[in-house]
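Student: I should like to understand how the descriptive terms applied to a protein model are justified. May we examine them one at a time?

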Amino acid sequence: MAKTHSFHIPVMGIGFTIDSPLKVAQYGIDSVISLVDDILLERLRKMYSEKFQVPYVEITDKIEDFRAKRITSYLNLISDIVDKKFEALKNGATEKSDEFKAYINMLPSSSEIKQEFNRLSDKGFSMAEIKSWVAQHLTKGSIDVNIMTKVDKDNYIKDDKLSVEYNDAHAALRGFANSKLQSSVVLSAGMNPRLYAYMSQFDDFYPSENGEFKKKIILKVSDYRSALIQGKFLAKKGLWVSEYRIESGLNCGGHAFATDGYLLGPVLAEFKEKREELRASIEKMVNQELTNQGRQVANKPLEIKISAQGGVGTHEEHEFLLNEYQLDAVGWGTPFLLVPEATTVDEKTMDQLILAKEADLYLSDISPLGVPFNNLRANTKDLEKENLIEKGRPGSSCPKKFVALNKEFKEKGVCIASREYQHLKIKELDAQGLSSKEYEKEWNKITEKSCTCVGLGTSALLAYGLDTKKEGPGVSICPGPNMAYYSKIMSLKNMTDHIYGRDNMISRTDRPNLFIKELYIYIDYLKNKLDEVKTLLTAKEEKYFQTFASNLNEGVLYYKMMFSNLKNTFQNIKEDVLKELEHGEQVLQSIKLEIENLSMENQKSGVTI
């Protein structure tokens with residue numbers, strides 16, 4: 001059955017979409033739950049069990065495999081409640097209940113379901129006919145989950161290290177695999193070979209005779225090469241990737257995995273051009289491995305979907321991406337943070353998001369994963385961090401330890417945002433005899449890390465009035481740059497109407513086109529990287545910068561040709577976009593000259609690193 005909607009709600013933070021399926025799945029909207037924090041999932045399971053009068057038995061950390069069991073139990077509860085809500089909505093079709101009307105009204109105007117329902121309504125049909133029609137045509141949204149593959153901490157009982165399947169990401173995968181959900185796991189943050197190999201132990205990830213899967217794999221990638229490498233690796237285990245979800249490297253919320261200057265448009269064009277080649281070549285490998293394992297091989301071609309997300313903000317952009325690149329769906333994340341009927345954000349943070357302008361949204365180095373992180377200035381978690389620095393006690397108490405991955409000082413691992421780690425690093429720094437300027441620079445690098453694995457979940461606790469004694473009240477929030485153009489709380493109907501062009505939720509008139517916004521974010525990123533190494537450019541860095549700038553330049557040329565040839569789309573901004581591209585080309589030219597000059601200076605001084 002075709003997708004009900006042409007958009008999905010991606011995972012946001014840890015707590016912001018943790019219960020989104022309970023809010024939107026009954027309307028046919030797909031959303032994604034983060035599986036990082038099993039402590040938070042268990043607390044919400046208790047809350048929802050009480051609310052929906054479901055028996056609850058706590059899964060304590062004394063129980064064997066508690067992390068996986070908590071995740072399975074939470075997902076099963078969400079699945080059961082969504083099913084009840086969806087059944088109630090379908091049963092309300094005969095009376096045309098508000099919920100049923102909301103389902104139909106939120107569909108895109110082009111939806112065949114909507115058009116057929118309107119035709120049948122005009123003609124008039126019996127109660128039996130409407131029940132039959134609803135059963136055949138209405139589908140609920142997918143309850144998908146996200147696993148950050150690198151957040152895969154080793155676990156211990158006292159000093160005894162547990163086997164690898166008890167690592168955090170492995171346990172999260174097992175929790176999903178053992179659940180009753182028929183949905184997808186989104187794998188993000190790069191490749192984890194051990195985790196991918198572990199997936200092959202679960203039968204639900206293998207195809208049935210007719211090419212269907214109980215549980216599907218979605219890969220979140222930033223470029224075609226990454227998709228091909230990871231897709232082939234999984235294929236060698238007999239595992240099929242059902243969807244490649246392409247995210248802009250920098251024009252997105254949360255962690256930003258920058259490409260080497262590959263822009264979204266050219267990346268999507270490559271996927272469009274090579275889509276069947278990708279599907280067929282990987283299918284051949286999968287089928288060969290399934291045969292080798294003595295497993296069922298599907299009797300029809302396996303399907304892949306291609307979707308994109310990152311920085312999309314208007315109906316015109318949404319439709320352009322779908323049509324130009326033949327996408328199956330487009331992800332809308334950041335604007336949904338202002339939709340309480342879809343996401344979970346506490347009131348104070350919501351107020352900050354409403355007021356946020358471009359200068360308040362920045363690419364930071366606060367993440368303890370060491371990956372650039374889109375951040376909101378003056379969020380309460382960062383204020384908490386600064387308060388601790390002022391008291392002379394930098395670093396977090398690290399109450400949850402999900403990112404305790406650094407093994408510099410101890411085998412069990414510590415988080416680089418923790419007080420323990422920062423104390424030891426500052427001690428090391430003190431012994432180095434650096435100049436005051438160098439010392440300050442290095443000290444700032446150590447102490448800027450923020451306890452995001454707690455902060456990104458706390459908002460849900462505050463929103464539901466749950467105790468934050470262990471976590472503290474500080475909230476980390478990770479909107480994309482798009483947040484600057486949305487400045488009011490919206491209903492789910494407001495947001496779907498905005499996506500489908502029936503309404504406009506952007507009050508400002510100066511929002512740049514998503515392709516232009518991404519280009520200039522990449523240019524700024526490249527400039528900042530160059531500033532970091534200005535005094536000494538190694539041969540390796542020179543090659544990296546030249547490749548980066550060349551790839552950006554190729555992206556600009558692609559966009560110039562594309563926009564010049566457009567006949568129906570973006571006509572009201574076409575002239576401005578072409579001017580911005582011209583300017584971008586000039587900026588890149590000056591950056592290339594700067595790289596060449598730095599290289600020449602190093603050669604003159606005899607530097608050949």
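Tutor: The discussion below takes up several such terms in turn, and the model under discussion is a predicted one.

Student: Why is I147 called buried?

Tutor: A residue counts as buried when its relative accessible area is under 20%. The value for I147 is 4%, so I147 is buried. I147 is placed in strand β3.

Student: Which residues does I147 touch, apart from those up to four places away in sequence?

Tutor: With those set aside, I147 touches L35, A169, A172, L173, V185, V186, L187, S188 and L195. By contrast, the C-alpha atoms of I147 and E518 are separated by 25 Å, the two residues being 371 residues apart along the chain.

Student: What arrangement do the strands β1, β2, β3, β6, β7, β8, β9 and β10 form?

Tutor: They form a closed barrel of eight strands, in the order β1-β2-β3-β6-β7-β8-β9-β10, with parallel pairing. On average, neighbouring strands of this sheet are turned by 30° against each other, direction ignored.

Student: What makes β1 and β2 a pair?

Tutor: Pairing requires at least two bridges between the strands. Strand β1 (residues 7-9) and strand β2 (residues 30-34) are joined by two bridges and run parallel, so the requirement is met. I9 has S31 as its bridge partner in β2.

Student: How many bridges pair β6 with β7?

Tutor: Four bridges link β6 and β7, in the parallel sense. S184 stands opposite K216 in β7. Five of the six residues of β7 are buried, and this strand is mostly covered.

Student: Which strands does helix α7 lie across?

Tutor: Helix α7 (residues 168-177) lies across β3 (143-148) and β6 (184-188), and runs at about 165° to β3. Angles over 145 degrees count as roughly antiparallel, so α7 is roughly antiparallel to β3.

Student: Why is α10 called roughly perpendicular to α19?

Tutor: Helix α10 (residues 264-292) and helix α19 (residues 539-565) pack at an angle of about 75°, their axes being 8 Å apart. That angle makes α10 roughly perpendicular to α19, because the term covers 65 to 115 degrees. On the α10 side the contact is made by L264, G265, P266 and A269, and on the α19 side by G555, Y558 and Y559.

Student: How do you know that the span of helix α16 agrees with its number of residues?

Tutor: Helix α16 (residues 452-463) has 12 residues, and at 1.5 Å a residue they should span 16 Å; the end C-alpha atoms are 18 Å apart, which agrees.

Student: Why is α16 described as largely enclosed by the rest of the structure?

Tutor: The description holds because 10 of its 12 residues are buried. The buried residues of α16 include T452, C453, V454 and G455. Among the elements covering them are α2 (38-51), β12 (373-376) and α13 (380-390). Just after α16, G465 takes a positive phi of about 65°.

Student: Which residues touch the most other members of the largest nonpolar core?

Tutor: Of its 165 residues, L35, F205, Y244, F271 and F336 do so. The largest share of this core, 11 residues, comes from helix α18 (residues 514-532). F271 is in contact with V221, D223, Y224, A227, Y244, I246, L278 and I306, leaving aside neighbours within four places in sequence.

Key:
Residues are numbered from 1 along each chain as its sequence is written. This is a predicted model: local features need pLDDT of at least 70, side-chain atom pairs count only at pLDDT 80 or more; totals for chains, interfaces and linings use all residues. Side-chain values use heavy atoms; hydrogens and water are left out. The expected span of a helix is 1.5 Å times one less than its number of residues. Buried means under 20% relative accessible area, exposed over 50%, partly exposed in between (1.4 Å probe, protein chains only). Contact means heavy atoms within 4.5 Å. A nonpolar core is a set of buried Ala, Val, Leu, Ile, Met, Phe, Trp, Tyr and Cys residues joined through side-chain atoms within 4.5 Å. Axes are lines fitted to C-alpha atoms, for helices over the stretch in contact, and angles run from 0 to 180 degrees between N-to-C directions. Angles under 35 degrees count as roughly parallel, over 145 as roughly antiparallel, 65 to 115 as roughly perpendicular and the rest as oblique.
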